[in-house]
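Colleague: Could you walk me through this model? I'd like to start with how the helices pack between the chains and then jump around a bit.

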Amino acid sequence: MRLIRWLLLLTSVIIYHVWFPIGNPPPMVRLDYEIVAIALVGLARGPRVGAAAGWGIGFLVHAADPDHMVWGALLGSLLGWLIGVWRERLFLERLTSQWLVFTLGILGYKVFYMILVEGGSPADWLLDLPLRILPTTLINSTLGVLIGVLWERSRTAGPSALEKVLADDSKRV
Amino acid sequence: MWRRLFWWTTERPTVLPWAIFFSILLLILGDGFRRQLSELTVDYIYAPFYDMKYRIAASARVFDENRELRRQIAELSLENQRMRESTIENLQLRSLLGLARPWRGQVTSAEVVSPISPASGVMWIEVAAGRYVQSGWPVVTEHGLVGKVVEVRGNLARVRTLWDRLSRVAAYDQRSRVTGIISWESGPDLSLTYIQHQADIQAGDTVISSGWGEVFPKGLRVGTVDSVAVRPGEPFLHVSIAAVVEPGLLEHVFVIEPLASIEQDSLPGGLLQ
């Protein structure tokens with residue numbers, strides 16, 4: 001079942017990327033489903049799975065571009081790991097705090113992505129930051145929280161991520 | 001606090017160092033390796049999805065094309081009914097006036113096996129087994145006149161097209177009925193020759209075969225008038241004709257077997273103007 005869920009996630013990322021490619025130059029506002037997926041995996045499954053999923057999804061999404069596939073994979077991995085660590089350490093159960101973490105994580109990802117992958121001059125970055133990166137980040141983090149809520153509601157069996165973490169901590173203690 | 005937020009985790013083994021290691025490894029292995037990896041990923045993972053996207057997009061187009069074709073069929077059916085009525089009326093009037101009946105022909109399809117030669121303007125066609133053609137029979141497409149059969153060898157036939165320097169077709173302007181002779185000019189262009197200076201002929205006029213000479217039937221579309229020019233010292237106008245048939249794109253043609261005279265309900269659809 002877990003394998004099927006992973007295959008479904010990767011398939012949905014690929015299908016979204018095939019239908020809505022990132023493009024060069026990238027569009028002003030884009031729903032970055034692949035970034036949202038990485039952040040959600042990090043949030044739900046912790047830093048270890050988040051980093052692995054981030055690397056895999058980042059690599060897949062940038063596979064057609066040999067010059068940037070490494071940066072895409074690395075940034076995806078860092079994003080998944082960071083969201084997972086924050087979730088684990090900060091016990092993010094409230095939607096607002098989840099949204100804040102998503103926003104910070106995705107903003108960091110987008111800024112580094114803009115610098116490392118998209119290139120351009122510092123003047124372009126300063127212009128892109130308020131006009132493109134910030135709106136896209138807000139949209140994606142909001143979308144991510146909404147999908148996360150729906151995902152949590154759809155899960156009927158098994159403890160939540162917080163319950164798992166608490167159980168681990170209690171075992172360790 | 002920073003260490004707590006960014007480094008220490010409860011889960012072991014940590015994947016991030018491995019992710020960084022693989023990323024650095026990909027960088028070290030070089031551009032060629034990454035390119036091969038990229039090609040493999042695209043070929044084996046993305047290709048089925050791109051294929052699916054293409055098929056879905058094509059299916060969406062099929063619906064639109066189907067709708068458009070249905071509309072065209074409805075229009076053509078109405079036009080066909082009007083044409084049949086006109087034909088019957090025309091035949092009755094011709095009968096009253098004692099004029100000869102228009103031509104009718106049986107159409108045989110053929111495949112172009114050797115395209116038009118740029119040197120001579122001839123091509124070879126192959127008719128289906130069991131069908132035959134004869135020298136002198138006109139060759140057309142659904143758009144208009146192509147040429148005539150000049151040689152037959154079994155199922156193969158040599159066609160002298162309009163783009164042969166020896167080809168001549170008696171034709172006239174459909175609007176003004178000004179007559180002339182169609183001959184090859186240059187490249188895909190033809191010319192309508194022997195047109196007097198004062199003749200009423202304009203760019204955009206349709207030129208059709210006149211049936212004179214009894215080689216080509218009357219009423220086959222040949223082309224449209226592309227330009228009309230007066231050249232100093234020449235007694236006739238220079239009328240350039242853009243052929244309705246694209247000579248470089250011929251794949252299938254039809255050979256017309258001339259029969260006696262037309263019956264009231266047997267007009268070959270689309271060939272007559």
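Colleague: At what angle do α1(A) and helix α2 of chain B pack, and how far apart are their axes?

Modeller: In this predicted model, α1(A) packs against helix α2 of chain B, residues 16–97, at an angle of about 55°, and the two axes are 10 Å apart. An angle between 35 and 65 degrees counts as oblique, and α1(A) and α2(B) are therefore oblique to each other. The crossing in which α1(A) passes α2(B) is right-handed.

Colleague: Which residues make that contact?

Modeller: From α1(A) the contact has A:I14, A:I15, A:V18 and A:W19, and from α2(B) it has B:I45, B:Y46, B:F49, B:Y50 and B:K53. By class, the residues of this contact of α1(A) with α2(B) are eight nonpolar, no polar and one charged.

Colleague: And what about α3(A) against α2(B), what are the angle and the axis distance there?

Modeller: For α3(A) and α2(B) the angle is about 160° and the axes are 8 Å apart, which makes α3(A) roughly antiparallel to α2(B). Here too a right-handed crossing is found, with α3(A) passing α2(B).

Colleague: Which side chains should I look for in that one, and how do they divide by class?

Modeller: On α3(A) the residues are A:M69, A:V70, A:A73, A:L74, A:S77 and A:W81, and they meet B:L16, B:A19, B:I20, B:S23, B:L26, B:L27, B:R34 and B:S38 in α2(B). The residues of this contact of α3(A) with α2(B) divide into ten nonpolar, three polar and one charged.

Colleague: Stepping back, how many residues does each chain put into the whole contact?

Modeller: Chain A puts in 23 residues and chain B 26 residues. On the side of chain A that touches chain B, the elements giving two or more residues are α1 (2–19), α2 (33–61) and α3 (69–90), and α3(A) gives the most, with nine residues. That side of chain A has 17 nonpolar, two polar and four charged residues.

Colleague: How confident is the predictor in the complex?

Modeller: The predictor gives the complex an ipTM of 0.75 and a pTM of 0.52. For chain B the mean pLDDT is 83, with 88% of its residues at 70 or more.

Colleague: Where in chain B does pLDDT stay under 50?

Modeller: That happens over residues 261–273 of chain B, for which the model nevertheless has 25 contacts beyond four places in sequence. Where pLDDT is low, the predicted coordinates should not be read in detail.

Colleague: Change of topic: what are the two chains built from?

Modeller: Chain A has six helices and zero strands, whereas chain B has two helices and twelve strands. In chain B the order from the N terminus is two helices followed by the strands. Buried residues make up 40% of the 173 residues in chain A, and 23% of the 273 residues in chain B.

Colleague: What share of the contacts in each chain joins residues at least 24 apart?

Modeller: Taking contacts between residues at least 6 apart in sequence, 68% of those in chain A join residues at least 24 apart, and for chain B the figure is 56%.

Colleague: Staying with chain A, which residues of helix α4 are buried?

Modeller: In α4(A), which covers residues 95–118, the buried residues are A:Q98, A:V101, A:F102, A:G105, A:I106, A:Y109, A:K110 and A:Y113. An α-helix has 3.6 residues a turn, so residues three or four places apart point the same way. After α4(A) comes A:G119, whose phi is positive, near 75°.

Colleague: Over to the strands of chain B: where is B:R158, and is B:R158 exposed, partly exposed or buried?

Modeller: B:R158 sits in strand β5 of chain B, residues 156–161. With 17 other C-beta atoms within 10 Å, B:R158 is partly exposed, because a residue counts as buried only from 20 and as exposed at 12 or fewer.

Colleague: What does B:R158 touch beyond its sequence neighbours?

Modeller: Leaving out neighbours within four places in sequence, B:R158 is in contact with B:V122, B:W124, B:V150 and B:E151. The C-alpha atoms of B:R158 and B:M123 are 5.8 Å apart, although these residues are 35 residues apart along the chain.

Colleague: Last one: is B:G187 buried or exposed?

Modeller: B:G187, in the loop between β7 (179–186) and β8 (189–193) of chain B, is exposed, with 10 other C-beta atoms within 10 Å. Its C-alpha atom is separated by 8.5 Å from that of B:P118, and the two residues are 69 residues apart along the chain.

Technical notes
Residues numbered from 1 in each chain as written. Chains lettered and ligands numbered in written order. Predicted model: local features only at pLDDT ≥ 70, side-chain atom pairs only at ≥ 80, totals over all residues. Helix = DSSP H or I, 4+ residues; strand = E, 2+ residues; numbered from the N terminus. Contact = placed C-beta atoms within 7 Å. Nonpolar A, V, L, I, M, F, W, Y, C, P; charged D, E, K, R; others polar. Axes fitted to C-alpha atoms, helices over the stretch in contact; angles between N-to-C directions. Parallel < 35°, antiparallel > 145°, perpendicular 65-115°, else oblique. Left-handed = near helix turned anticlockwise from the far one by under 90°. pLDDT = per-residue confidence, 0-100.
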